[in-house]
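User: Could you take a close look at one part of this model for me? I would like to see how one strand and the loop before it fit into their surroundings.

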Amino acid sequence: MTRVKKVVVSAMCVAAAAVLISGCASASEPDTAPSPSSSPQTSETAEPAPSATASEEPRFTDAELAQTCIDATISVFASDVEFDIDATRIEHRIVDPEWLVLVPATTGGQVAESQCTIGGTPSAPVIEMSSGSIDPLPEEQIQRLIRGENEGGTE
């Protein structure tokens, strides 16, 4: 009976080791998706995108999402506009396009904000909504945009 217990315990140890080793192997893959630890701020509702594989195009970085939104909205602001890319808020949406990007700015001495929904890839971005405003969006509206409710058109 003691020998049977040792065999069962040994088999369980081998199974546990196999699970740990397989977990380590998958954890070492690089992640190129926007992450909460990179410079632009990402709230708790954002989810990291899966890592790019050889067959798919790279995912947006936070900086690429911020710059794409700035490029889509800069024409609506005065020439003195200054964007605060480090304070960009990026939210993962539950609908397409998958990213809500809010880039704080100042123009004419007033607080402003670029607001975009972005999907696609860095080489072929899809911008469904882009807007420049001197009023930052209220949190309630941000949550509606994350859910895909009450969206406007481009510019």
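Analyst: Happy to; here is a walk from the loop into the strand and on to its neighbours. This is a predicted model, in which local features need pLDDT of at least 70 and side-chain atom pairs count only at pLDDT 80 or more, while totals for chains, interfaces and linings use all residues. Residues are numbered from 1 along each chain as its sequence is written, and side-chain values use heavy atoms, with hydrogens and water left out.

Let's start in the loop between strand S3 (89-92) and strand S4 (99-107), where Arg93 is found; strands (E, at least two residues) are DSSP runs, numbered from the N terminus. Arg93 counts as buried because its relative accessibility is 1%, buried meaning under 20% relative accessible area with a 1.4 Å probe and protein chains only. The side chain of Arg93 reaches the backbone oxygen of Pro97 at 2.6 Å, and a polar atom of that side chain lies 3.4 Å from the backbone oxygen of Asp96. Asp96 and Pro97 are themselves joined by a cis peptide bond, with omega at about -10°.

Now to S4 itself: seven of its nine residues are buried, so the strand is largely enclosed by the rest of the structure. S3 and S4 form a hairpin with six residues between them, pairing antiparallel over four bridges; strands pair if DSSP finds at least two bridges between them. Here Ile90 has Val101 as its bridge partner. S4 also pairs in the antiparallel sense with strand S2 (residues 82-83) over two bridges, and Glu82 stands opposite Thr106. Finally, nine bridges join S4 to the antiparallel strand S5 (residues 110-121), with Leu100 opposite Thr117.

Methods: Buried < 20%, exposed > 50% of the residue type's maximum accessible area, 1.4 Å probe, protein only. Polar contact = N/O pair within 3.5 Å; in protein donor to acceptor, adjacent residues only side chain to side chain.
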